[in-house]
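Student: I'd like a close look at a single part of this model, please. Pick a strand, then work outward from it.

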Amino acid sequence: MTTTIETGAIWSEPEPDIPRSAIRETIETEVLICGAGNAGLMAAISAAKLGAKTLVIEKNRRIGFIKPYMGAVDTKAQKAAGEKALIDREEIIQELVNYGIKCTENNHVYGPGYRPSKYAGSNKVDEKLIRLWAEESGAAFDFLAEELAEYGIRHVAEYDTADGYHGGFRAYPTHSKLLVPPLKGGPFAIIHAGIYVLERFFEKKTRSLGARIMFNTAMVKLVKEGDRVAGVIARKKDGTYIRINAATGVLLCTGGYAAREEMVAKVNPEATAISCLRFVQPGNFGDGIRAGLWAGAAKDDYPSAMVFDRGIAKPGGRSDLPIRPGGSFDSFFFGSQPFMKVNMDGKRYCNESVPYDVIINPLQNEKNGVACMIWDSNYWEHVKSFSTIGCSRMVPSKSRPRTYEGMGRFMNSGMLMMMRMKGYIKKARTIEGLARKLRLPAEEFRATVERYNQMARAGEDRDFGKPAKDMLALDRPPYYGVTYGGWLLTTMDGLRINENIQVVDRNGNAIEGLYAAGDVAGGFFANNFYPELVVGVAVGKSMTFARHAVLHMTGSVRRTDQVN
Ligand SMILES: Cc1cc2nc3c(=O)[nH]c(=O)nc-3n(C[C@H](O)[C@H](O)[C@H](O)COP(=O)(O)OP(=O)(O)OC[C@H]3O[C@@H](n4cnc5c(N)ncnc54)[C@H](O)[C@@H]3O)c2cc1C
């Protein structure tokens, strides 16, 4: 029978009708995990470690990119690093609950100079889920670190948050890092840091614990027996279907829907309007969200996306559909530095010293959804003064043990050179010459730079209140500029889940046998983008909840019963 879901036209594709005769094989398992990314592999390692018969199905031919920025509270690594790495749990919970609104009250969380986010969360989230992350992430990442230690992977705390603020916003030392041992003959810090090689270790661990991973196998729909989800129907690469019965539970870890940009434009129009680069996990088409809805689940009403200020365009370029697709070498990390930014009229339009999830929003109001970022040949001195943190860090971190965070001057100049060769970055000996190359009105632009420099020398930004330490004169030619906008990474609105990570229906009742963790699940972010100063919280909650789902479905924890 074909049914149509009722959550609006956007998600209303009909459920496919797959007759029994089309199913070639039936597989029996206990725990079934759909999707092998950050959440899926944490779940697989957890389930296999508990001795459950575990199967992971993954749509692509390899596991998803394991993102190394993992946000946690109270890991052993943080405790070992001492006070600097410790976080006030209640404070961080309130920060996430009210993300983007508390600042207007100028209270203890925010320092002076705060500017509210246009897309504030404003408590449209599920505080119980945020508490769960704050309470369990430490133990979850300690577990993972212990499992991966046999490969020489070390768990370190990235706690260097400079002065603890970024332009009036509080920064939290949440970044929990799995440090991969250096490859033989591989001197590059970025490889040292574990980027692009963590997948190998996650997969090895999953298999060594006895879990099975089936690649090129896409979950298509859930199978219900009565009110309970009993398994899934999946499609293999050759187009044939299989049925998988899961005696213990099905965990959806299929990510968001960022790879379907026309859907992002419908659900998250503010994200596409300011994005000029799309580098997302291929295959994240919202399959899990759709399948959950067909099975009677509720979904977040508020959209949420992850957009970093690191998309760049050629002069005259714009944001919005179609968004230029790219890979890791297309994302412009330097874009998160709070240099002077001007709109296409050559005028400043905001305080540049705010987190990167905030600075990107004002582009909604600017021509073509893009702006130009300007720097001069003295730029590294400015970067040192900015001292940004998280994945926007440029200056090597002071955390000990070393975390190898911060790409440093040498690697950054290589990236700038590459972007110049590709025609994105423009260089000129004069401000007028740069204006011509960036297609900015020369007179306006020159006046803006002159005023900026005067205010920088006076130590006060009378136009937008940018902190004096970030307000440095642009007066050392040659000058550089780039047309910049957003980089769309993922979506974060998804199926509603409870504290057990069970998917719930519109009355809040759990759908037995069905769990969802990662970007397929919602309740954690609303209307806002990922808060960069709670470093790695998207990955952190994805993996913490994936583990919790497994513990719950196998009867290893019953959180709601713990309260006496
Ligand atoms: C480039 C990039 C950088 C990021 N950086 C950060 C960061 O610094 N900090 C942070 O907190 N977050 C970051 N994120 C976001 C973070 O990666 C996600 O929030 C997190 O990975 C979600 O994990 P997941 O397992 O839900 O999704 P994913 O890791 O995307 O995994 C989903 C998996 O499901 C598979 N899949 C999809 N559909 C199906 C199907 N029908 N059947 C079977 N398999 C399917 C996909 O192929 C994929 O392997 C970043 C994201 C990207 C893309």
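Tutor: Let's take strand 16, residues 371-376, which is mostly covered: six of its six residues are buried. (Strands are DSSP runs of E, at least two residues; helices are runs of H or I, at least four; both are numbered from the N terminus. Buried means under 20% relative accessible area, exposed over 50% and partly exposed in between, with a 1.4 Å probe and protein chains only.) Bear in mind that this is a predicted model, where local features need pLDDT of at least 70 and side-chain atom pairs 80 or more, while totals for chains, interfaces and linings use all residues. Numbering starts from 1 along each chain as its sequence is written, and side-chain values use heavy atoms, with hydrogens and water left out.

In a regular strand, side chains alternate between the two faces of the sheet. Here, Ala371, Met373 and Trp375 point one way from strand 16, while Cys372, Ile374 and Asp376 point the other way, and all of them are buried.

Now for the neighbours. Strand 15 (340-342) runs antiparallel to strand 16, with three bridges between them (pairing takes at least two DSSP bridges). Met340 has Ile374 as its bridge partner in strand 16. Strand 18 (479-491) is also antiparallel to strand 16, this time over six bridges, and there Ile374 stands opposite Gly481. Ile374 therefore turns up in both pairings, with Met340 and with Gly481, and its side chain is on the Cys372 and Asp376 face.

Zoom out to the domains. The domain assignment, automatic or from a database, puts 25-66, 198-305 and 493-561 in domain 1, 70-192 in domain 2 and 308-488 in domain 3. Domains 1 and 2 meet through 45 residues of the former and 39 of the latter (contact is heavy atoms within 4.5 Å). About 3600 Å² is buried between these two domains, 71% of it from carbon and sulfur atoms (buried area is the accessible area, 1.4 Å probe, lost on putting the two parts together, summed over both). On the domain 1 side, Phe201, Phe524 and Leu533 lose the most area to domain 2, together 17% of what that side buries. The interface of domain 1 and domain 2 also has three salt bridges, a salt bridge being a Lys or Arg side-chain nitrogen within 4 Å of an Asp or Glu carboxyl oxygen.

For comparison, here's another covered strand. Strand 11 (241-252) has ten of its twelve residues buried, so the rest of the structure largely encloses it. Strand 1 (23-34) pairs with strand 11 in the parallel sense over ten bridges, Ile33 having Leu251 as its partner. Strand 10 (228-236) joins strand 11 antiparallel through five bridges, with Ile233 opposite Arg243. That pair forms a hairpin with four residues in between, and Gly239 in the turn has a positive phi of about 90°. Strand 20 (510-516) runs parallel to strand 11 over three bridges, and Ala516 is the bridge partner of Leu252.

Helix 15 (537-553) is covered too: 17 of its 17 residues are buried, so it's largely enclosed. Just after helix 15, Gly555 takes a positive phi of about 80°.

Back to charged pairs: the structure holds 36 salt bridges. One of them joins Glu91 and Arg170 at 3.0 Å, N to O. Glu91 is in helix 3 (89-97) and Arg170 in strand 6 (169-170), so the pair ties together parts 79 residues apart in sequence. Glu91 counts as buried at 11% relative accessibility, whereas Arg170 is partly exposed at 26%.

Lys299 pairs with Asp493, the closest N and O atoms 2.8 Å apart. This pair links distant parts of the chain, 194 residues apart: Lys299 sits in the loop between helix 9 (287-294) and strand 13 (305-313), and Asp493 in the loop between strand 18 and strand 19 (502-504). Lys299 is buried at 13%, and Asp493 at 0%.

Arg348 and Asp461 make a salt bridge as well, with 2.9 Å between the closest N and O atoms. Arg348 lies in the loop between strand 15 and helix 10 (356-359), and Asp461 in the loop between helix 14 (442-458) and strand 18, so parts 113 residues apart are tied together. Both residues, Arg348 and Asp461, are buried. Elsewhere, salt bridges with shared partners join Glu13, Lys59, Arg260, Glu262, Asp287 and Arg290 into one network.
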